[in-house]
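Q: Please take a close look at the ligand site in this model. I would like to know what surrounds the ligand and how that part sits in the rest of the chain.

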Amino acid sequence: VGGHPKPQQGPMKPAGVDRILAIASGKGGVGKSTVSSNLAVALARQGRRVGLLDADIYGPSQPRMMGVNKRPASPDGKTIIPLHAHGVTIMSIGFMLDPDQAVVWRGPMLMGALQQMLGQVEWGELDVLIVDLPPGTGDVQLTLCQKSELSGAIVVSTPQDVALLDARKAINMFEMLKTPVLGLIENMSTYICPECGHEAHLFGHGGVAAEAEKMGVPLLGALPIDLDTRLAGDSGTPIAAGDGPAAEAYARIAAGLVK
Ligand code: ADP
């Protein structure tokens, strides 16, 4: 990537990639990147050949969450060799930037970077390429939907009204762009006190299920707020790489995604 990426011609679905699944959210901070990394790891544990493309250009989280961060090699100056961690092939714009560097690209440069990450990265043979989108309904989403033959999109939301409102917009955008919405995932659904087992609905209760029903899309799963999930993400080994209830929840969602 490097320098000033320019838009390029040509297809954006890499030849060896069977299907591209986008993970989206209306709002930031609802756990879209956490869900992306964990679903990728869960799918890899189920024997799938999985890629993870961090397209959250303005706030790439995957180098941290997947525990890999170095500049990918480009032996011929054209193709880019992706990195690997936890059984997943990974590319992130974050690999090309200094940690504190702000991305101040305009639309065409963003599109150039996206096209490079799809078209010039040696993804190899993949059953599924998970794309961690930026939040919202902007240029990156438009470009991907229109140019990359997405197989489907999954929308992550918390049960909070403000998050759901934006999740609805994201679903409407995908429907407008004729990208199938595979379903909603409720994240941070409940908090279970590790001391006493009491369950609290910090962001509300039942909102995502109701929204899914109203929008006519499946509810793919509900993930509690969980300290270990946050710690695992921060440490570079997603919770889905281990055992326990959160890993099992991700395994169940993953098993339903790729039949
Ligand atoms: P987004 O990609 O939507 O901006 P992130 O995945 O970066 O959101 O998550 C925001 C923060 O919340 C991160 O610190 C992450 O570790 C934490 N987080 C996400 N999901 C959970 C969860 N289920 N339980 C606890 N912390 C979570």
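A: The answer starts with the shell around the ligand, moves to two residues of a loop, and ends with the chain as a whole. The model is predicted.

The ligand is surrounded by 17 residues, and the closest are Gly-31, Lys-32, Ser-33, Thr-34 and Arg-230. By class, the residues of this shell comprise four nonpolar, 10 polar and three charged. At least two shell residues come from each of helix H1 (32–45), strand S7 (181–192), strand S9 (219–225) and helix H7 (227–235).

The unreviewed UniProt entry has a "binding site" feature at Gly-26, Lys-27, Gly-28, Gly-29, Val-30, Gly-31, Lys-32 and Ser-33. Among these annotated positions are Gly-31, Lys-32 and Ser-33, which are also listed with the residues closest to the ligand.

Two of the annotated residues, Val-30 and Gly-31, deserve a closer description. Val-30 belongs to the loop that runs between strand S1 (17–25) and H1. Gly-31 is in the loop between S1 and H1 as well. Is Val-30 buried or exposed? Val-30 counts as buried because 25 other C-beta atoms lie within 10 Å, where the threshold is 20 or more. Gly-31 is buried too, since 24 other C-beta atoms are found within 10 Å.

The contacts show what packs around this loop. Not counting residues up to four places away in sequence, Val-30 touches Ser-25, Val-156, Ser-157, Thr-158, Ala-163 and Asn-187. With neighbours within four places in sequence likewise left aside, Gly-31 is in contact with Val-156, Asn-187 and Met-188. Val-156 and Asn-187 thus appear in the contacts of Val-30 and in those of Gly-31.

Strand S1, which precedes the loop, is also a packing partner of helix H4. The buried residues of H4 (residues 139–147) are Val-140, Gln-141, Thr-143, Leu-144 and Cys-145. These pack against S1, helix H3 (107–119), strand S5 (126–132) and helix H5 (161–176). After H4 comes Glu-149, with a positive phi near 50°.

The chain around these parts contains eight helices and nine strands. Its radius of gyration is 17 Å, which agrees with the value near 18 Å for a compact globule of 259 residues. Along the principal axes, the C-alpha atoms fill a box of roughly 55 × 40 × 35 Å. Of the 259 residues, 49% count as buried. Among contacts between residues at least 6 apart in sequence, 80% join residues at least 24 apart.

How values were computed
Residues are numbered from 1 along each chain as its sequence is written. This is a predicted model: local features need pLDDT of at least 70, side-chain atom pairs count only at pLDDT 80 or more; totals for chains, interfaces and linings use all residues. A residue is near a molecule or strand if its C-beta atom, placed from the backbone, lies within 6 Å of it. Helices (H or I, at least four residues) and strands (E, at least two) are DSSP runs, numbered from the N terminus. Ala, Val, Leu, Ile, Met, Phe, Trp, Tyr, Cys and Pro count as nonpolar, Asp, Glu, Lys and Arg as charged, and the others, Gly among them, as polar. UniProt positions are given in the numbering used here, feature names are shortened, and annotations may be inferred rather than shown by experiment. A residue is buried if 20 or more other C-beta atoms lie within 10 Å of its own, exposed if 12 or fewer, and partly exposed in between; C-beta atoms are placed from the backbone. Two residues are in contact if their C-beta atoms, placed from the backbone, lie within 7 Å. The radius of gyration is taken over C-alpha atoms; the globule rule is 2.2 Å times the number of residues to the power 0.38.
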